[in-house]
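Me: I have a structure open and would like to work through it in short steps. Can we take it one question at a time?

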Amino acid sequence: MTRCLLTMTRIPKIDFSKPINCDVGCANQKKEGYVGIDIDEHGQDILWDLRDGIPLPDESVQDLNVCHVLEHFTNKESKDFITQAQRVLIHGGTLTARQPHVKHPTAFYPDHESFWNEERVLSIVRNEPGWEIVSNYNTGFELIFILRKK
């Protein structure tokens, strides 16, 4: 499927003299002290479509928080995002992700393109060298996982 979407972008000047924390898909609920990125305008710091990569320098992020974003990506887009996350994270940096667990009915909302469970996270670590699992669990509603860049 070809994406045909005119996306506006906004990328402010950010001080990268020390690693930042980044909240991806933050909408209007950006975590305090984090740089926010979202595809839709909510007053966040960066307006950007993450399917075009993460618009941050290599090894510039300490914690990348991803809340209810990955399920909107196709499997390929999810894989590409994980690769981009590894690129922008510093060594020891973390990717914290929350999305509907495949066993919960919300996983099958019409705009959800990929499905997530604990085995999928294990597969990421097996197939994408450089990650270690900090946590990987099902809350009954969400899959929450934290990966650390080695």
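Reply: Yes. One caution to begin with: this is a predicted model.

Me: Which residue in E4 stands opposite Cys22?

Reply: Start with the strands. E1 and E4 run parallel, and 5 bridges join them. In E4, the residue opposite Cys22 is Leu64.

Me: In which sense do E4 and E5 pair, parallel or antiparallel?

Reply: Look at the bridges between E4 and E5, of which there are 6. One partnership links Asp63 with Thr94 in E5. The sense of the E4 and E5 pairing is parallel.

Me: What is the hand of the β-α-β crossover from E4 through H1 to E5?

Reply: Follow the chain. It leaves E4, passes through H1 and arrives in E5. The hand of this β-α-β crossover is right-handed.

Me: How many residues of E4 are buried?

Reply: Buried here means under 20% relative accessible area. E4 has 7 residues, and it is largely enclosed by the rest of the structure because most of its count falls in that class: the buried number is 5.

Me: What span does H1 reach from its first C-alpha to its last?

Reply: H1 covers residues 75-88, which makes 14 residues. At 1.5 Å a residue, the expected span is 20 Å. The model comes close to that, with a reach of 20 Å.

Me: Which strands and which helix do the buried residues of H1 pack against?

Reply: First, the residues themselves. Ser78, Phe81, Ile82, Ala85, Gln86 and Val88 are the buried ones in H1. An α-helix has 3.6 residues a turn, so residues three or four places apart point the same way. The packing partners of the buried H1 residues are strands E1, E4, E5, E6 and E7, and helix H2.

Me: What kind of aromatic pair do Trp116 and Phe145 form?

Reply: The whole structure holds 3 aromatic pairs. For Trp116 and Phe145, the centres are 6.0 Å apart and the planes differ by 20 degrees. Planes under 30 degrees apart count as stacked, so the pair of Trp116 and Phe145 is stacked.

Me: How many residues apart are Trp116 and Phe145?

Reply: Trp116 sits in the loop between E5 and H2, while Phe145 belongs to strand E7. Both are buried. The pair links distant parts of the chain, and the separation in residues is 29.

Me: Which residue lies over the face of Trp116?

Reply: Take the ring centre of Trp116 as the reference point. At 3.9 Å from that centre, over the face, lies Arg120.

Me: Is Gln99 buried or exposed?

Reply: Gln99 is in strand E5. Beyond its neighbours within four places in sequence, its contacts include Trp116 and Phe145. Its relative accessibility is 0%, so Gln99 counts as buried.

How values were computed. Residues numbered from 1 in each chain as written. Predicted model: local features only at pLDDT ≥ 70, side-chain atom pairs only at ≥ 80, totals over all residues. Heavy atoms only, no water. Helix = DSSP H or I, 4+ residues; strand = E, 2+ residues; numbered from the N terminus. Expected span 1.5 Å × (residues − 1). Buried < 20%, exposed > 50% of the residue type's maximum accessible area, 1.4 Å probe, protein only. Contact = heavy atoms within 4.5 Å. Pairing = 2+ DSSP bridges. Right-handed = clockwise from strand over helix to strand, strands pointing away. Phe/Tyr/Trp six-rings, centres within 6.5 Å; stacked < 30°, edge-to-face > 60°. Lys NZ or Arg CZ within 6 Å of the ring centre and 35° of its normal.
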